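Thanks for coming. I will go through the metal sites and then the empty spaces, and I will give the cut-offs as the terms come up.

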Amino acid sequence: MSRTLVRGGTVVTATGRARADVLAVDGTIVALGRDLDVDADRVLDAGGQLVIPGGVDPHAHVRITFDGVPGADDFASATTAAAHGGTTTLMDFCFQEHGQPLPEALAAWRAALAETPPVTDVGVHMTVTDLEDPRREQELRAMPAQGVTSFKLFLAYPGTYMVDDATVWRTMRAAERTGALVMVHAENGPAIAALIAEAVAAGRTGPEVHPTTRPPATEAEAVNRAVTLAELTGARTYVVHVSCGAALAPIVAAKARGIDVWAETCPQYLLLDDSIYARPGVEAAKGIFSPPARPAGEQERLWQALAGAGLDVVSTDHSPFALAERERRAAEGFARIPNGAPGLEERLELVHETGVRTGRLTLEQWVDRCCTTPARLFGLGARKGAVAVGADADLVLWDPERTRTIRAAEQHSRVGYSVHEGRTVRGGPSAVLVDGQPLVVDGELVDRPRRGFLHRAPVHGRQRQAPGPGGGAPGSRGARPATHEEQP
Ligand code: URP
Ligand code: ZN
Ligand code: ZN
């Protein structure tokens with residue numbers, strides 16, 4: 001039996017903060033309280049620090065290929081990067097090839113996970129590309145029982161990932177019946193493809209053209225379509241990487257109508273504007289992610305929605321396409337550069353620095369948007385994203401004074417660059433525990449556990465929307481406990 005005591009910190013949850021010790025036995029939190037008088041094998045002094053739940057990143061690409069370019073990370077490197085930043089649970093995507101049986105796609109994903117075992121828990125979403133054969137729909141409905149309780153759909157990237165509205169409909173129906181969540185990349189793929197073709201035909205191929213081919217209306221139209229189909233099918237739906245006010249509007253309206261719609265944004269949309277495309281050389285190519293960075297002013301609208309109504313989660317959309325590959329492709333024009341930006345390691349620090357320290361978010365909202373709500377929405381509410389008796393002892397000791405400057409060269413992803421290079425952040429993790437065991441201490445990986453696939457639970461019935469400014473979203477409705485498998 002292993003007993004870990006975290007003593008003297010201020011525990012921050014989605015709903016409040018209090019001075020409390022935390023006792024974990026065999027990986028589970030068993031007691032919380034002031035000055036606990038208990039024996040422990042390991043005592044960590046959290047005096048002067050915050051104690052928060054390990055971060056939960058529900059949108060991080062590890063196993064991804066974009067236009068033939070494979071991501072540079074594997075599960076070991078990605079989770080090591082995440083852990084250094086205080087994220088102890090992440091969710092990757094399993095991509096169905098056209099026509100591929102879904103169990104076969106999942107088996108391949110699980111084999112890759114076993115090959116490079118992660119140091120933190122990793123769950124997976126099933127990315128649907130083709131339900132033409134009726135057997136695929138049956139296979140999709142069987143996914144939640146296998147711990148895969150979210151389905152991903154792309155309304156962008158025609159010819160590769162994009163699905164038509166009939167496939168959206170069938171996927172949403174399957175989700176509604178089985179308690180799965182439907183994640184939607186909402187951009188109008190055909191309109192964007194036409195805009196790209198026009199630009200390329202006119203010889204406009206620099207990275208500065210990228211945002212002009214994906215204007216806010218292409219995002220807003222697709223969000224509107226997604227939430228309309230969510231309303232018609234009754235599927236719990238989650239819009240990924242919302243980038244601007246125009247895309248927020250249909251989400252806010254749907255929430256107000258009581259539709260079970262949720263949404264995330266990412267640090268690149270909160271912190272970067274479209275001036276990135278005016279930077280010289282490869283610096284502009286670093287901004288080729290989709291949707292693109294938006295004009296100055298849009299970022300503040302996202303912050304307001306994150307603090308109030310509209311946005312529920314901050315994920316990273318970590319997309320590990322190595323800088324060298326981006327540079328090589330940039331020579332062929334912006335349309336050839338793999339879309340995406342890295343960000344797994346600095347999510348909690350960036351939101352703390354630019355959200356909490358600026359007064360845009362409370363500490364509780366920071367914990368809620370980065371840990372608690374993602375756990376709850378994705379079927380992990382009973383175990384993750386909470387400092388509570390019965391939850392997994394995935395804990396972060398957060399030193400509010402720890403200061404560092406983000407440098408890609410010091411990071412643990414293999415991607416080799418950061419869109420936040422040179423930004424100084426105050427506040428960071430001094431220790432990160434998984435199942436009560438220290439994993440990262442003072443920036444050093446001190447253990448190399450071989451963790452496995454995180455089973456998640458379906459969520460039946462409506463989840464309550466966050467009540468608004470200052471409010472958290474505690475608890476989970478109908479979620480059965482999640483489990484993870486250790487690697488042998
Ligand atoms: O540009 C992006 N976001 N690339 C990663 C894949 C996706 O669209 O989420
Ligand atoms: Zn996307
Ligand atoms: Zn993504």
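Before the cavity linings, the residue classes: Ala, Val, Leu, Ile, Met, Phe, Trp, Tyr, Cys and Pro count as nonpolar, Asp, Glu, Lys and Arg as charged, and the others, Gly among them, as polar. This is a predicted model, in which local features need pLDDT of at least 70, side-chain atom pairs count only at pLDDT 80 or more, and totals for chains, interfaces and linings use all residues. Residues are numbered from 1 along each chain as its sequence is written, chains are lettered from A and ligands numbered from 1 in the order in which they are written, and side-chain values use heavy atoms, with hydrogens and water left out.

Now the metals. Donors are N, O and S atoms within 2.8 Å of the metal (3.2 Å for Na, K and Ca), and since water is not among the atoms, sites may look incomplete. For the zinc ion (ligand 3), the protein donors are H59 (NE2), H61 (NE2) and D317 (OD), at 2.0 to 2.1 Å. Their spacing in sequence is H-x1-H-x255-D. H61 sits in the loop between strand 6 (55–57) and strand 7 (65–66), and D317 in the loop between strand 15 (313–314) and helix 11 (323–330), so this pair, 256 residues apart, links distant parts of the chain. Helices here are DSSP runs of H or I with at least four residues, strands are runs of E with at least two, and both are numbered from the N terminus. H61 is buried at 4% relative accessible area, and D317 is buried too, at 8%. Buried means under 20% relative accessible area, exposed over 50%, and partly exposed in between, with a 1.4 Å probe and protein chains only.

What is the geometry at the zinc ion (ligand 3)? The site is irregular, with angles of 84 to 135° among its four donor atoms. Four donors count as tetrahedral if all angles lie between 85 and 135 degrees; four count as square planar and six as octahedral if opposite donors are over 155 degrees apart and all others between 65 and 115; anything else is irregular.

The zinc ion (ligand 2) lies 3.7 Å from the zinc ion (ligand 3). Its protein donors are H185 (ND1) and H241 (NE2), 2.0 Å away. The arrangement around the zinc ion (ligand 2) is irregular because its four donor atoms subtend angles of 58 to 146°. H185 and H241 are both buried.

On to empty space. On a 1 Å grid over the protein atoms alone, a cavity is a set of points where a 1.4 Å probe fits but cannot get out, and a pocket is an open set with protein on both sides within 12 Å along at least five of seven lines; lining residues have an atom within 4 Å of a point. Grid points are joined across faces, edges and corners, and a volume is the space filled by probe spheres set on the points.

There are three cavities of 30 Å³ or more, and the largest has a volume of about 130 Å³. Its lining has 16 residues, with H61, Y157, D317, S319 and N339 nearest the centre. By class, the lining of the largest cavity splits into six nonpolar, eight polar and two charged residues.

The largest pocket holds about 530 Å³. Among its 26 lining residues, R63, I64, T65, F95 and E97 are closest to the centre. Helix 2 contributes the most to this lining, five residues.
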